[in-house]
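Student: Hi! I have a structure open and would like to talk it through with you. Can we start with the empty spaces inside?

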Amino acid sequence: MPDPTATVTEVAGRRLRLTHLDRVLYPGSGFTKAAMLHYYTRVAPAMLPQLMGRPASFLRLPEGVDGQRFWAKRVPPGAPSWVPRLQVTHRQETMPQVLVDDLPTLLWAANLGCLEFHVPQWHTDPALHDRLIIDLDPGDGVGLLECAVVALTARQLLADDGLTAFPKTAGSKGLHLSVPLHPTPAEAAGRYARDLARRLREALPTLVVDQMAKELRPGRVFVDWSQNNSAKTTVAAYSLRARPTPSVSAPLTWAELAAARRPADLVRTPEAVATRLAADGDPHAALADPDTAKALP
């Protein structure tokens, strides 16, 4: 059946055919595919610097959050020739992956139902990381406020090592801290992340766990140091999340994190994120600035 909402548009000199614009992606709120494309257009100036040069993995939900979902890494058949790509070697094979380097590619991917955008902590070479990720994952009985306590402690430990951290919500239940690095061997980044998790456990012994055993996590915040493995990816700043209602992995300021008194203080809707970005700028702008990156101690 023909799609009555289909439209052809030009974005930065690239021709895009956008389809099923009236499809409701989040049935609980009425948030449509058109709203998703509009959101990504509004936040693209801040989101693209966090994606550029990093091979993307996508969580695709063509029918919305109540429909089928699947992960996609490989450049799909029929992708326009202008979509940037990088050959990436995985355990089993080498495959082309998309580099979301510009607005046309961002909207092309979103139009395919790529609701979530995930990237690794490296650019072209998985052996060299230029970002450290501190993934704070709350267990049963704790939540965003407890993650904030751990994040503020981690900020101080990182600062003591000469490193700058940028906080954001995971968009689900935890927090992420992103730390820009000079190109660093992957093994060294992983060792530092694991040691930082240990230091956080020692600083907050009743709140932090740094072991992966699930039985240890209730009432604790798990510092998932393994996210710094070259094979893993993290949801990008400004990405939507496939939750029952529209949510975003939203950059925060440290003042916002310190001032939070309720979990709701740290939850951001797409509209709130885009409006705040237009009014106040990007709290993570310096994350992509090479001058912010430092060497591990």
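Student: What volume does the largest cavity have?

Tutor: The largest cavity has a volume of about 110 Å³. A cavity here is a set of points, on a 1 Å grid over the protein atoms alone, where a 1.4 Å probe fits but cannot get out. Grid points are joined across faces, edges and corners, and the volume is the space filled by probe spheres set on the points. Keep in mind that this is a predicted model, where local features need pLDDT of at least 70 and side-chain atom pairs count only at pLDDT 80 or more, while totals for chains, interfaces and linings use all residues. Residues are numbered from 1 along each chain as its sequence is written, and side-chain values use heavy atoms, with hydrogens and water left out.

Student: Which residues are closest to the centre of that cavity?

Tutor: Val119, Arg131, Lys168, Ser178 and Val235 are the closest, out of 14 that line the largest cavity. Lining residues have an atom within 4 Å of a point. By class, this lining has 7 nonpolar, 5 polar and 2 charged residues. Nonpolar covers Ala, Val, Leu, Ile, Met, Phe, Trp, Tyr, Cys and Pro; charged covers Asp, Glu, Lys and Arg; the others, Gly among them, are polar.

Student: And the largest pocket, how much space lies in there?

Tutor: About 310 Å³. A pocket is an open set of points with protein on both sides within 12 Å along at least five of seven lines. The largest pocket has 17 lining residues, and nearest its centre lie Asp135, His176, Gln227, Thr233 and Arg241.

Student: Which strand gives the most to that lining?

Tutor: E10 does, with 4 residues. Strand E10 spans 128-138, and strand E15 (234-235) also supplies at least two residues of the pocket lining. Helices (H or I, at least four residues) and strands (E, at least two) are DSSP runs, numbered from the N terminus. E10 and E15 each supply at least two residues to the lining of the largest cavity, too.

Student: Switching topic: which residues of helix H6 are buried?

Tutor: In H6 (residues 270-280), they are Pro270, Val273, Ala274 and Leu277. Buried means under 20% relative accessible area, exposed over 50%, and partly exposed in between (1.4 Å probe, protein chains only). Down the helix axis, the buried residues of H6 fall within an arc of 95 degrees, so they line one face. That arc is taken from the directions from the helix axis to the C-beta atoms. The face turned away from the buried side carries the exposed Ala279 and Asp280.

Student: What do the buried residues of H6 pack against?

Tutor: Strand E4 (31-32), helix H1 (33-51), strand E16 (240-241) and strand E17 (247-248). Contact means heavy atoms within 4.5 Å. Ser247 sits in E17, and its contacts beyond four places in sequence include Arg268 and Pro270.

Student: Is Ser247 buried or exposed?

Tutor: Buried, with a relative accessible area of 9%.

Student: Where is Tyr238, and what is its phi near?

Tutor: Tyr238 lies in the loop between E15 and E16, and its phi is near 80 degrees, a positive value in a residue other than glycine. Most residues other than glycine have a negative phi. Tyr238 is buried, at 2% relative accessible area.

Student: Last one: how many disulfides turn up in the whole structure?

Tutor: The search finds 0 disulfides, a disulfide being a pair of cysteine sulfur atoms within 2.5 Å. Cys147 is buried, with a relative accessible area of 0%.
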